[in-house]
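Thanks for making the time this morning. I would like to walk you through where two chains meet, and then through the charged pairs that turn up along the way.

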Amino acid sequence: MSADPSNPTAYIQHHLMNLTWNPDAWRQNYGDFFTFNMDTLFFSVILGVGFLIFFRLAAKKATPGVPGKLQNLVEVLVLFVDGLVKETFHGKSKLIAPLALTIFVWVFLMNFMDLIPVDLLPSIGTAIGVHNLRVVPTTDLNLTFGLSITVFILVLFYNIKIKGPIGYFKELACHPFGPWLFMVNLPLAIVHEISKPLSLALRLFGNLYAGELIFILIALLPWWMQWIPGSMWAIFHILIITLQAFIFMMLTIVYLSMAHESH
Amino acid sequence: MSLNLSLLGQMLTFACFVIFTMKFVWPLITKAMQKREEEIADGLAAAERGQRDLELAKHKVTEMLRDAKLKAAQIADTATKRGVRIIEDAKEQARKEGERLLQIAKGDLEQEKLRAKADLQQEISAIVVAGAAKVLGSKIDEPANSDMINQLIAEVGGE
(Lines give C-alpha, C1' and ligand atoms only; values in the text may rest on other atoms or scores of the structure.)
Protein backbone atom coordinates (compact mmCIF):
# COMPACT_ATOMS: atom_id res chain seq x y z
CA MET A 1 0.00 0.00 0.00
CA SER A 2 2.21 2.80 -1.17
CA ALA A 3 1.43 6.49 -1.04
CA ASP A 4 -0.69 7.74 -3.90
CA PRO A 5 -1.09 11.53 -4.15
CA SER A 6 -3.91 11.09 -6.65
CA ASN A 7 -6.16 9.91 -3.85
CA PRO A 8 -5.75 12.58 -1.14
CA THR A 9 -7.78 10.92 1.56
CA ALA A 10 -5.95 7.63 1.29
CA TYR A 11 -2.65 9.50 1.02
CA ILE A 12 -3.23 11.43 4.21
CA GLN A 13 -4.54 8.46 6.10
CA HIS A 14 -1.63 6.39 4.97
CA HIS A 15 0.77 8.99 6.27
CA LEU A 16 -0.90 9.01 9.64
CA MET A 17 -0.85 5.26 10.10
CA ASN A 18 1.63 3.77 12.48
CA LEU A 19 3.65 0.71 11.84
CA THR A 20 2.23 -1.53 14.50
CA TRP A 21 3.19 -4.82 15.98
CA ASN A 22 0.29 -6.63 17.51
CA PRO A 23 0.52 -10.41 17.54
CA ASP A 24 -2.83 -12.10 16.96
CA ALA A 25 -2.60 -14.07 20.16
CA TRP A 26 -2.30 -10.86 22.18
CA ARG A 27 -5.13 -9.16 20.36
CA GLN A 28 -7.48 -12.06 20.90
CA ASN A 29 -6.65 -12.30 24.57
CA TYR A 30 -6.09 -8.71 25.66
CA GLY A 31 -7.47 -6.42 22.99
CA ASP A 32 -5.99 -3.55 20.99
CA PHE A 33 -4.09 -2.00 23.84
CA PHE A 34 -1.37 -4.63 23.49
CA THR A 35 0.06 -3.02 20.42
CA PHE A 36 3.47 -1.50 19.85
CA ASN A 37 3.93 1.43 17.50
CA MET A 38 7.19 0.18 16.10
CA ASP A 39 8.00 3.30 14.06
CA THR A 40 7.60 5.63 17.02
CA LEU A 41 9.67 3.40 19.26
CA PHE A 42 12.31 2.90 16.59
CA PHE A 43 12.84 6.55 15.69
CA SER A 44 12.64 7.82 19.24
CA VAL A 45 15.15 5.28 20.45
CA ILE A 46 17.49 5.88 17.52
CA LEU A 47 17.39 9.63 18.05
CA GLY A 48 17.71 9.30 21.80
CA VAL A 49 20.64 6.93 21.56
CA GLY A 50 22.24 9.20 18.98
CA PHE A 51 21.85 12.12 21.34
CA LEU A 52 23.32 10.15 24.23
CA ILE A 53 26.30 8.90 22.22
CA PHE A 54 26.98 12.40 20.96
CA PHE A 55 26.85 13.90 24.43
CA ARG A 56 28.69 11.01 26.02
CA LEU A 57 31.56 11.49 23.56
CA ALA A 58 31.69 15.17 24.36
CA ALA A 59 31.52 14.47 28.09
CA LYS A 60 34.30 11.91 27.95
CA LYS A 61 36.57 14.28 26.08
CA ALA A 62 35.50 17.26 28.12
CA THR A 63 38.55 19.17 29.25
CA PRO A 64 38.90 22.22 31.41
CA GLY A 65 41.31 23.57 28.80
CA VAL A 66 40.39 24.97 25.41
CA PRO A 67 37.21 23.14 24.34
CA GLY A 68 36.81 21.62 20.90
CA LYS A 69 33.89 22.28 18.60
CA LEU A 70 31.89 19.34 19.90
CA GLN A 71 32.49 20.29 23.49
CA ASN A 72 31.62 23.89 22.72
CA LEU A 73 28.26 22.94 21.27
CA VAL A 74 27.46 20.65 24.17
CA GLU A 75 28.62 23.24 26.67
CA VAL A 76 26.40 25.90 25.14
CA LEU A 77 23.40 23.60 25.56
CA VAL A 78 24.40 22.59 29.07
CA LEU A 79 24.93 26.22 30.10
CA PHE A 80 21.61 27.21 28.56
CA VAL A 81 19.69 24.50 30.40
CA ASP A 82 21.64 24.97 33.60
CA GLY A 83 20.90 28.70 33.56
CA LEU A 84 17.18 28.09 33.13
CA VAL A 85 17.11 25.53 35.91
CA LYS A 86 19.02 27.78 38.29
CA GLU A 87 16.71 30.68 37.54
CA THR A 88 13.58 28.69 38.24
CA PHE A 89 14.53 26.06 40.74
CA HIS A 90 16.07 27.21 43.98
CA GLY A 91 16.90 23.91 45.60
CA LYS A 92 19.53 21.33 45.06
CA SER A 93 18.74 18.51 42.72
CA LYS A 94 20.93 16.26 40.69
CA LEU A 95 17.98 15.19 38.58
CA ILE A 96 16.28 18.27 37.26
CA ALA A 97 18.99 19.76 35.07
CA PRO A 98 19.95 16.51 33.30
CA LEU A 99 16.27 15.71 32.93
CA ALA A 100 15.65 19.08 31.35
CA LEU A 101 18.61 18.66 29.02
CA THR A 102 17.43 15.24 27.94
CA ILE A 103 13.92 16.50 27.29
CA PHE A 104 15.08 19.52 25.34
CA VAL A 105 17.52 17.77 23.05
CA TRP A 106 15.54 14.59 22.61
CA VAL A 107 12.24 16.33 21.89
CA PHE A 108 14.02 18.74 19.58
CA LEU A 109 15.56 15.89 17.61
CA MET A 110 12.26 14.05 17.36
CA ASN A 111 10.50 17.23 16.28
CA PHE A 112 13.24 17.76 13.76
CA MET A 113 12.13 14.63 11.92
CA ASP A 114 9.21 16.80 10.82
CA LEU A 115 11.55 18.74 8.56
CA ILE A 116 12.58 15.68 6.59
CA PRO A 117 10.48 15.56 3.39
CA VAL A 118 7.27 13.75 4.22
CA ASP A 119 7.59 11.07 1.59
CA LEU A 120 11.32 10.37 1.83
CA LEU A 121 11.50 7.88 4.65
CA PRO A 122 8.10 6.24 3.95
CA SER A 123 9.19 5.66 0.36
CA ILE A 124 12.41 4.07 1.49
CA GLY A 125 10.32 2.02 3.92
CA THR A 126 8.03 0.88 1.12
CA ALA A 127 11.07 -0.10 -0.91
CA ILE A 128 12.31 -2.38 1.84
CA GLY A 129 8.90 -3.80 2.63
CA VAL A 130 7.70 -1.55 5.46
CA HIS A 131 4.35 -0.21 4.35
CA ASN A 132 3.35 2.13 7.14
CA LEU A 133 5.80 4.58 8.62
CA ARG A 134 5.35 7.69 10.70
CA VAL A 135 8.72 9.27 11.10
CA VAL A 136 7.94 11.99 13.64
CA PRO A 137 7.71 10.30 17.06
CA THR A 138 6.23 13.40 18.68
CA THR A 139 3.12 13.09 16.51
CA ASP A 140 2.32 9.93 18.43
CA LEU A 141 0.28 10.41 21.59
CA ASN A 142 2.01 7.41 23.12
CA LEU A 143 5.31 9.22 23.09
CA THR A 144 4.12 12.60 24.31
CA PHE A 145 2.12 10.95 27.09
CA GLY A 146 5.06 8.69 27.83
CA LEU A 147 7.13 11.80 28.49
CA SER A 148 4.51 13.79 30.36
CA ILE A 149 3.36 10.90 32.56
CA THR A 150 6.94 10.17 33.54
CA VAL A 151 7.37 13.82 34.42
CA PHE A 152 4.09 13.72 36.32
CA ILE A 153 5.21 10.68 38.31
CA LEU A 154 8.33 12.64 39.26
CA VAL A 155 6.19 15.62 40.24
CA LEU A 156 4.04 13.43 42.48
CA PHE A 157 7.10 11.73 43.91
CA TYR A 158 8.79 14.99 44.85
CA ASN A 159 5.57 16.50 46.19
CA ILE A 160 5.20 13.56 48.54
CA LYS A 161 8.90 13.35 49.32
CA ILE A 162 9.34 17.02 50.17
CA LYS A 163 5.99 17.82 51.79
CA GLY A 164 5.06 14.38 53.07
CA PRO A 165 1.82 12.68 52.07
CA ILE A 166 -0.16 14.71 54.61
CA GLY A 167 1.47 17.96 53.64
CA TYR A 168 0.75 17.33 50.00
CA PHE A 169 -2.86 16.46 50.77
CA LYS A 170 -3.18 19.61 52.84
CA GLU A 171 -1.83 21.66 49.99
CA LEU A 172 -4.39 20.11 47.66
CA ALA A 173 -7.23 20.53 50.13
CA CYS A 174 -6.55 24.04 51.42
CA HIS A 175 -6.11 25.96 48.21
CA PRO A 176 -7.41 28.13 46.76
CA PHE A 177 -10.33 28.72 49.19
CA GLY A 178 -8.97 27.83 52.63
CA PRO A 179 -9.43 24.69 54.69
CA TRP A 180 -13.19 25.03 55.30
CA LEU A 181 -14.03 24.63 51.68
CA PHE A 182 -11.90 21.58 51.14
CA MET A 183 -14.76 19.84 49.42
CA VAL A 184 -14.51 22.44 46.69
CA ASN A 185 -10.74 22.74 46.80
CA LEU A 186 -9.94 19.09 46.42
CA PRO A 187 -11.64 18.45 43.07
CA LEU A 188 -10.26 21.70 41.72
CA ALA A 189 -6.75 20.87 42.84
CA ILE A 190 -6.93 17.37 41.45
CA VAL A 191 -8.12 18.66 38.10
CA HIS A 192 -5.34 21.21 38.26
CA GLU A 193 -2.75 18.54 38.93
CA ILE A 194 -4.01 16.20 36.25
CA SER A 195 -4.15 18.98 33.72
CA LYS A 196 -0.35 19.25 33.97
CA PRO A 197 0.59 16.01 32.18
CA LEU A 198 -2.43 16.31 29.94
CA SER A 199 -1.53 19.76 28.69
CA LEU A 200 2.15 18.89 28.39
CA ALA A 201 1.44 15.88 26.20
CA LEU A 202 -1.36 17.37 24.14
CA ARG A 203 0.45 20.64 23.45
CA LEU A 204 3.47 18.92 22.00
CA PHE A 205 1.37 16.37 20.15
CA GLY A 206 -1.04 18.93 18.75
CA ASN A 207 1.64 21.26 17.45
CA LEU A 208 3.63 18.56 15.78
CA TYR A 209 0.64 16.67 14.49
CA ALA A 210 -0.76 19.79 12.90
CA GLY A 211 2.63 20.68 11.49
CA GLU A 212 3.02 17.26 9.99
CA LEU A 213 -0.48 17.39 8.54
CA ILE A 214 0.25 20.68 6.85
CA PHE A 215 3.43 19.23 5.35
CA ILE A 216 1.32 16.35 4.03
CA LEU A 217 -1.21 18.77 2.57
CA ILE A 218 1.57 20.78 0.95
CA ALA A 219 2.86 17.54 -0.55
CA LEU A 220 -0.53 17.13 -2.22
CA LEU A 221 -0.12 20.38 -4.17
CA PRO A 222 1.15 20.27 -7.75
CA TRP A 223 4.93 19.75 -7.74
CA TRP A 224 5.76 23.14 -9.30
CA MET A 225 4.27 25.18 -6.51
CA GLN A 226 5.11 23.02 -3.52
CA TRP A 227 8.31 24.88 -2.80
CA ILE A 228 6.59 28.17 -1.94
CA PRO A 229 4.38 27.06 0.98
CA GLY A 230 6.75 24.19 1.68
CA SER A 231 9.79 26.33 2.34
CA MET A 232 7.75 28.93 4.20
CA TRP A 233 6.21 26.34 6.47
CA ALA A 234 9.56 24.59 6.97
CA ILE A 235 11.29 27.80 8.01
CA PHE A 236 8.43 28.62 10.35
CA HIS A 237 8.58 25.10 11.64
CA ILE A 238 12.22 25.44 12.66
CA LEU A 239 10.90 27.93 15.19
CA ILE A 240 7.97 25.71 16.20
CA ILE A 241 10.01 22.60 16.90
CA THR A 242 12.55 24.49 18.98
CA LEU A 243 9.84 26.36 20.82
CA GLN A 244 7.88 23.20 21.60
CA ALA A 245 10.98 21.42 22.89
CA PHE A 246 11.76 24.48 25.00
CA ILE A 247 8.23 24.74 26.38
CA PHE A 248 8.14 21.08 27.33
CA MET A 249 11.48 21.44 29.12
CA MET A 250 10.56 24.70 30.79
CA LEU A 251 7.22 23.45 32.10
CA THR A 252 8.89 20.33 33.42
CA ILE A 253 11.34 22.50 35.35
CA VAL A 254 8.51 24.69 36.62
CA TYR A 255 6.34 21.77 37.73
CA LEU A 256 9.24 20.14 39.50
CA SER A 257 10.24 23.33 41.29
CA MET A 258 6.61 23.80 42.34
CA ALA A 259 6.75 20.30 43.77
CA HIS A 260 9.81 21.33 45.80
CA GLU A 261 8.33 24.48 47.23
CA SER A 262 5.58 24.50 49.77
CA HIS A 263 3.15 27.39 49.82
CA MET B 1 -3.76 6.98 17.10
CA SER B 2 -4.99 5.41 20.31
CA LEU B 3 -2.89 4.80 23.35
CA ASN B 4 -1.32 1.41 23.57
CA LEU B 5 1.64 -0.39 25.06
CA SER B 6 4.07 1.92 23.27
CA LEU B 7 3.28 4.34 26.08
CA LEU B 8 5.00 2.11 28.61
CA GLY B 9 7.85 1.51 26.21
CA GLN B 10 8.33 5.25 25.79
CA MET B 11 8.24 5.87 29.52
CA LEU B 12 10.86 3.22 30.07
CA THR B 13 13.05 4.57 27.28
CA PHE B 14 12.70 8.08 28.61
CA ALA B 15 13.66 6.98 32.12
CA CYS B 16 16.74 5.18 30.81
CA PHE B 17 17.81 8.22 28.79
CA VAL B 18 17.41 10.55 31.74
CA ILE B 19 19.34 8.25 34.04
CA PHE B 20 22.11 7.96 31.48
CA THR B 21 22.33 11.72 31.06
CA MET B 22 22.29 12.19 34.80
CA LYS B 23 25.03 9.67 35.47
CA PHE B 24 27.34 9.80 32.50
CA VAL B 25 26.91 13.10 30.69
CA TRP B 26 25.89 15.97 32.91
CA PRO B 27 28.41 15.61 35.76
CA LEU B 28 31.41 15.30 33.46
CA ILE B 29 30.55 18.38 31.44
CA THR B 30 29.65 20.55 34.40
CA LYS B 31 32.78 19.42 36.21
CA ALA B 32 34.97 20.36 33.26
CA MET B 33 33.28 23.74 32.99
CA GLN B 34 33.61 24.37 36.70
CA LYS B 35 37.27 23.45 36.62
CA ARG B 36 37.84 25.76 33.70
CA GLU B 37 36.08 28.53 35.54
CA GLU B 38 38.38 28.02 38.50
CA GLU B 39 41.43 27.93 36.29
CA ILE B 40 40.44 31.14 34.59
CA ALA B 41 39.85 32.78 37.94
CA ASP B 42 43.21 31.55 39.16
CA GLY B 43 44.87 32.79 36.01
CA LEU B 44 43.32 36.22 36.36
CA ALA B 45 44.41 36.38 39.98
CA ALA B 46 47.93 35.33 39.02
CA ALA B 47 48.04 37.95 36.29
CA GLU B 48 46.97 40.60 38.75
CA ARG B 49 49.55 39.43 41.24
CA GLY B 50 52.17 39.51 38.50
CA GLN B 51 51.21 43.05 37.60
CA ARG B 52 51.47 44.11 41.22
CA ASP B 53 54.85 42.41 41.53
CA LEU B 54 56.00 44.19 38.42
CA GLU B 55 54.87 47.51 39.82
CA LEU B 56 56.72 46.75 43.05
CA ALA B 57 59.83 45.72 41.18
CA LYS B 58 59.71 48.94 39.18
CA HIS B 59 59.56 50.93 42.38
CA LYS B 60 62.44 48.95 43.79
CA VAL B 61 64.49 49.46 40.67
CA THR B 62 63.94 53.20 40.79
CA GLU B 63 64.94 53.26 44.41
CA MET B 64 68.01 51.19 43.81
CA LEU B 65 68.99 53.39 40.91
CA ARG B 66 68.66 56.48 43.06
CA ASP B 67 70.71 54.88 45.79
CA ALA B 68 73.37 53.82 43.34
CA LYS B 69 73.58 57.31 41.91
CA LEU B 70 73.90 58.78 45.35
CA LYS B 71 76.58 56.33 46.30
CA ALA B 72 78.47 56.93 43.09
CA ALA B 73 78.33 60.66 43.71
CA GLN B 74 79.58 60.10 47.25
CA ILE B 75 82.41 57.92 46.04
CA ALA B 76 83.41 60.46 43.45
CA ASP B 77 83.27 63.15 46.10
CA THR B 78 85.46 61.22 48.51
CA ALA B 79 87.90 60.43 45.74
CA THR B 80 88.16 64.07 44.78
CA LYS B 81 88.66 65.06 48.37
CA ARG B 82 91.26 62.41 48.90
CA GLY B 83 93.03 63.44 45.72
CA VAL B 84 93.08 67.01 46.88
CA ARG B 85 94.37 65.93 50.25
CA ILE B 86 97.06 63.80 48.70
CA ILE B 87 98.17 66.73 46.58
CA GLU B 88 98.06 68.98 49.63
CA ASP B 89 100.10 66.47 51.59
CA ALA B 90 102.60 66.12 48.81
CA LYS B 91 102.91 69.88 48.57
CA GLU B 92 103.37 70.13 52.28
CA GLN B 93 105.92 67.41 52.26
CA ALA B 94 107.76 69.00 49.40
CA ARG B 95 107.74 72.33 51.16
CA LYS B 96 109.08 70.79 54.33
CA GLU B 97 111.71 68.89 52.44
CA GLY B 98 112.72 72.04 50.64
CA GLU B 99 112.94 73.91 53.93
CA ARG B 100 115.00 71.13 55.43
CA LEU B 101 117.35 71.19 52.49
CA LEU B 102 117.52 74.94 52.72
CA GLN B 103 118.28 74.68 56.39
CA ILE B 104 121.02 72.19 55.77
CA ALA B 105 122.44 74.39 53.05
CA LYS B 106 122.27 77.36 55.34
CA GLY B 107 124.07 75.43 58.07
CA ASP B 108 126.75 74.41 55.63
CA LEU B 109 127.08 77.96 54.51
CA GLU B 110 127.37 79.17 58.07
CA GLN B 111 129.98 76.60 58.82
CA GLU B 112 131.86 77.51 55.71
CA LYS B 113 131.61 81.13 56.70
CA LEU B 114 132.86 80.41 60.18
CA ARG B 115 135.71 78.35 58.84
CA ALA B 116 136.59 81.03 56.35
CA LYS B 117 136.42 83.57 59.15
CA ALA B 118 138.64 81.46 61.33
CA ASP B 119 141.10 81.00 58.46
CA LEU B 120 140.96 84.65 57.75
CA GLN B 121 141.61 85.49 61.43
CA GLN B 122 144.51 83.16 61.48
CA GLU B 123 145.93 84.63 58.33
CA ILE B 124 145.34 88.18 59.48
CA SER B 125 146.95 87.50 62.85
CA ALA B 126 149.90 86.01 61.06
CA ILE B 127 150.08 89.03 58.82
CA VAL B 128 149.68 91.41 61.74
CA VAL B 129 152.34 89.63 63.69
CA ALA B 130 154.63 89.68 60.72
CA GLY B 131 153.84 93.35 60.09
CA ALA B 132 154.38 94.29 63.71
CA ALA B 133 157.62 92.36 63.83
CA LYS B 134 158.80 94.24 60.90
CA VAL B 135 157.75 97.53 62.49
CA LEU B 136 159.38 96.72 65.82
CA GLY B 137 162.36 95.13 64.18
CA SER B 138 162.28 92.29 66.40
CA LYS B 139 160.37 89.24 66.96
CA ILE B 140 157.42 89.51 69.07
CA ASP B 141 157.05 87.04 71.70
CA GLU B 142 154.34 85.34 69.94
CA PRO B 143 152.77 83.45 72.80
CA ALA B 144 152.88 86.53 75.01
CA ASN B 145 151.17 88.81 72.57
CA SER B 146 148.93 86.48 70.77
CA ASP B 147 146.18 87.06 73.31
CA MET B 148 146.14 90.75 72.63
CA ILE B 149 146.33 90.23 68.89
CA ASN B 150 143.56 87.74 68.90
CA GLN B 151 141.44 90.19 70.80
CA LEU B 152 142.16 92.79 68.24
CA ILE B 153 141.34 90.50 65.45
CA ALA B 154 138.16 89.50 67.13
CA GLU B 155 137.25 93.14 67.40
CA VAL B 156 137.97 93.67 63.74
CA GLY B 157 136.25 90.47 62.71
CA GLY B 158 133.34 91.28 64.90
CA GLU B 159 132.53 94.33 62.86
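What you have in front of you is a predicted model, and in it 28 residues of chain B are in contact with 53 residues of chain A. Putting chain B and chain A together buries about 3600 Å² between them, and 76% of that lies on carbon and sulfur atoms.

Let me turn to the polar side of that interface, where 11 residue pairs, both partners at pLDDT 80 or more, are in polar contact between chain B and chain A. On the side of chain B that touches chain A, the residues divide into 17 nonpolar, 8 polar and 3 charged. How many salt bridges does the rule find across the interface of chain B and chain A? The rule finds 1, and it is the one in which the side chains of A:E75 and B:R36 meet, with N to O at 2.7 Å. As a reminder, side chains of opposite charge can pair when their charged atoms come close.

If we search the whole structure rather than the interface, the number of salt bridges over all chains comes to 9.

Within chain A, the side chains of A:E171 and A:K163 meet in a salt bridge, at 2.8 Å from N to O. Are these two residues buried or exposed? A:E171 has a relative accessibility of 18%, and because the cut-off for buried is under 20%, A:E171 counts as buried; A:K163, with a relative accessible area of 14%, is buried as well.

In chain B, I would point you to helix α1, which covers residues 6-136. B:D77 forms a salt bridge with B:K81, the closest N and O atoms being 3.9 Å apart, and since these two residues sit 4 residues apart in that helix, about one helical turn separates B:D77 from B:K81. Here B:D77 is partly exposed at 42% relative accessibility, whereas B:K81, at 55%, counts as exposed.

Further along, the side chains of B:E112 and B:R115 meet in a salt bridge at 2.9 Å, N to O, and these residues, 3 apart in helix α1 of chain B, are likewise separated by about one helical turn. B:E112 is partly exposed, with a relative accessible area of 45%, and B:R115 is also partly exposed, at 47%.

Finally, chain B holds a network of salt bridges that links B:E92, B:R95 and B:E99.

Terms used: Residues are numbered from 1 along each chain as its sequence is written. Chains are lettered from A and ligands numbered from 1 in the order in which they are written. This is a predicted model: local features need pLDDT of at least 70, side-chain atom pairs count only at pLDDT 80 or more; totals for chains, interfaces and linings use all residues. Side-chain values use heavy atoms; hydrogens and water are left out. Contact means heavy atoms within 4.5 Å. Buried area is the accessible area (1.4 Å probe) that two parts lose on being put together, summed over both. A salt bridge is a side-chain nitrogen of Lys or Arg within 4 Å of a carboxyl oxygen of Asp or Glu. A polar contact is a pair of N or O atoms within 3.5 Å; within protein, one must be able to donate a hydrogen and the other to accept it, and residues adjacent in sequence count only if both atoms are side-chain atoms. Ala, Val, Leu, Ile, Met, Phe, Trp, Tyr, Cys and Pro count as nonpolar, Asp, Glu, Lys and Arg as charged, and the others, Gly among them, as polar. Buried means under 20% relative accessible area, exposed over 50%, partly exposed in between (1.4 Å probe, protein chains only).
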